[in-house]
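Here is a short tour of a protein with its ligand. Take a look at the structure below, and then we can walk through the ligand site and the helices together.

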Amino acid sequence: MRLLEDRIAVVTGGGNGIGKAIAIALAEEGARVVIADIHMEAAFKVEEHIRQNGGTCLVVEADVVRKTDVERIFDETLRVFGKVDILINNVGGTIRKAMVDFTEDEWDQIIDINLKSTFLCSQAAGKIMLKQKRGAIVNISSIHGLGGIPNRSPYATAKAAINSFTSTIGCEWAADGVRMNAVVPGYILTEGLDHTFNAGLLNREDMVRRTPQGRLGTPEDIAEAALFLVSDKAKFITGTTLYVDGGYSAYHAPEIQTSVYHQI
Ligand SMILES: NC(=O)c1ccc[n+]([C@@H]2O[C@H](COP(=O)([O-])OP(=O)(O)OC[C@H]3O[C@@H](n4cnc5c(N)ncnc54)[C@H](O)[C@@H]3O)[C@@H](O)[C@H]2O)c1
């Protein structure tokens with residue numbers, strides 16, 4: 001018996017990067033997956049991959065910062081599958097610039113894509129899950145929400161708010177059988193991150209050096225954690241944030257970590 005046999009899972013932004021890895025991992029564990037994305041070509045490629053591997057997948061074109069689109073995701077999921085067991089709030093993004101240079105529109109855009117989308121999707125899914133008295137939601141946060149990382153002010157603010165939202169709603173819905181947790185990724189090697197390296201916006205070596213395990217994460221590292229948190233193996237876990245960052249957020253020493261093995 002697979003971990004998520006016959007569960008219905010909605011993954012926002014499941015067409016690329018971390019969301020894609022989560023959608024595939026959920027399907028491999030028996031869940032029927034709904035991918036909600038604005039990038040249709042990418043979403044259909046993931047759908048094809050899941051189908052070719054014997055899974056079931058539905059793609060819904062939706063902008064998750066629009067309430068009407070979000071309602072359509074869940075209406076469509078109920079119409080096709082009759083229930084919603086799992087929601088992965090994965091859509092997010094950032095603009096890198098100094099706080100004093102952000103326009104009001106840019107600030108709203110980054111807060112909305114990260115935080116408002118999480119509110120809208122959780123509210124729509126929660127209304128169904130609370131009636132079912134069963135459900136599990138995982139929000140994809142970021143290490144940027146935990147400490148000071150300059151030039152990402154709306155993104156860091158939104159991700160910190162997602163951590164607070166997670167503990168608040170985890171408690172608000174705990175007695176009704178609906179769990180909410182967050183995964184906090186470190187630097188994860190997605191196509192998007194790779195582009196920022198190639199464009200010279202971020203330095204890969206700096207990130208690797210600052211990560212105690214000495215490597216970037218993979219989308220599959222995040223998928224494994226999300227899979228655990230939405231499964232019954234985590235049935236007593238709610239309102240928490242799980243850091244999946246190779247030790248990045250735990251590390252506070254001024255010097256760069258070197259292998260202890262080589263020191264003894
Ligand atoms: N990549 C990293 O290193 C990293 C680190 C920490 C946290 N995160 C978080 O992980 C999540 C996924 O990041 P990623 O790097 O895989 O992103 P990505 O850019 O590779 O993929 C995001 C997906 O979301 C879709 N999308 C974007 N806006 C949307 C909208 N309004 N409505 C519906 N779909 C939309 C895109 O089409 C794409 O398929 C984000 O919340 C991000 O903040 C990423």
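## Polar contacts with the ligand

In this predicted model, a polar backbone atom of Asn90 sits 2.8 Å from an oxygen atom of the ligand. Ile188 also takes part through its backbone: one of its N or O atoms lies 2.8 Å from a ligand oxygen atom. Asn16 uses its side chain instead, placing a polar atom 2.9 Å from an oxygen atom of the ligand.

How much of the ligand does the protein bury? On its own, the ligand exposes 830 Å², and the protein buries 85% of that area.

## The shell around the ligand

If you would like to find the site by eye, start with Ile18, Asp37, Asn90, Tyr155 and Ile188, which come nearest among the 25 residues around the ligand. Sorted by class, the shell holds eleven nonpolar residues, eleven polar ones and three charged ones.

Two helices are worth picking out here. Helix 1, spanning residues 17-28, and helix 5, spanning residues 153-172, each contribute at least two residues to the shell.

## Helix 1 and its partners

Now let us follow helix 1 away from the ligand. A pair of packed helices is described by the angle between their axes and the distance between those axes.

With helix 2 (residues 40-52), the axis of helix 1 comes within 10 Å, and the two cross at roughly 20 degrees. Angles under 35 degrees count as roughly parallel, so helix 1 and helix 2 are roughly parallel to each other. Their crossing is right-handed.

Helix 8 (residues 219-230) is another partner: its axis and that of helix 1 come within 8 Å and cross at roughly 50 degrees. Because of that angle, helix 1 is oblique to helix 8. This crossing, too, is right-handed.

## Helix 5 and helix 4

Helix 5, which supplies residues to the ligand shell, has a partner in helix 4 (residues 104-132). The axes of helix 4 and helix 5 come within 7 Å and cross at roughly 20 degrees. Helix 4 is therefore roughly parallel to helix 5. As for handedness, helix 4 passes helix 5 in a right-handed crossing.

Terms used:
Residues are numbered from 1 along each chain as its sequence is written. This is a predicted model: local features need pLDDT of at least 70, side-chain atom pairs count only at pLDDT 80 or more; totals for chains, interfaces and linings use all residues. Side-chain values use heavy atoms; hydrogens and water are left out. A residue is near a molecule or strand if one of its heavy atoms lies within 4 Å of it. A polar contact is a pair of N or O atoms within 3.5 Å; within protein, one must be able to donate a hydrogen and the other to accept it, and residues adjacent in sequence count only if both atoms are side-chain atoms. Accessible areas come from the Shrake-Rupley method with a 1.4 Å probe; for residues, only the protein chains shown count as cover. Helices (H or I, at least four residues) and strands (E, at least two) are DSSP runs, numbered from the N terminus. Ala, Val, Leu, Ile, Met, Phe, Trp, Tyr, Cys and Pro count as nonpolar, Asp, Glu, Lys and Arg as charged, and the others, Gly among them, as polar. Axes are lines fitted to C-alpha atoms, for helices over the stretch in contact, and angles run from 0 to 180 degrees between N-to-C directions. Angles under 35 degrees count as roughly parallel, over 145 as roughly antiparallel, 65 to 115 as roughly perpendicular and the rest as oblique. A crossing is left-handed if the near helix is turned anticlockwise from the far one by less than a right angle, and right-handed if clockwise.
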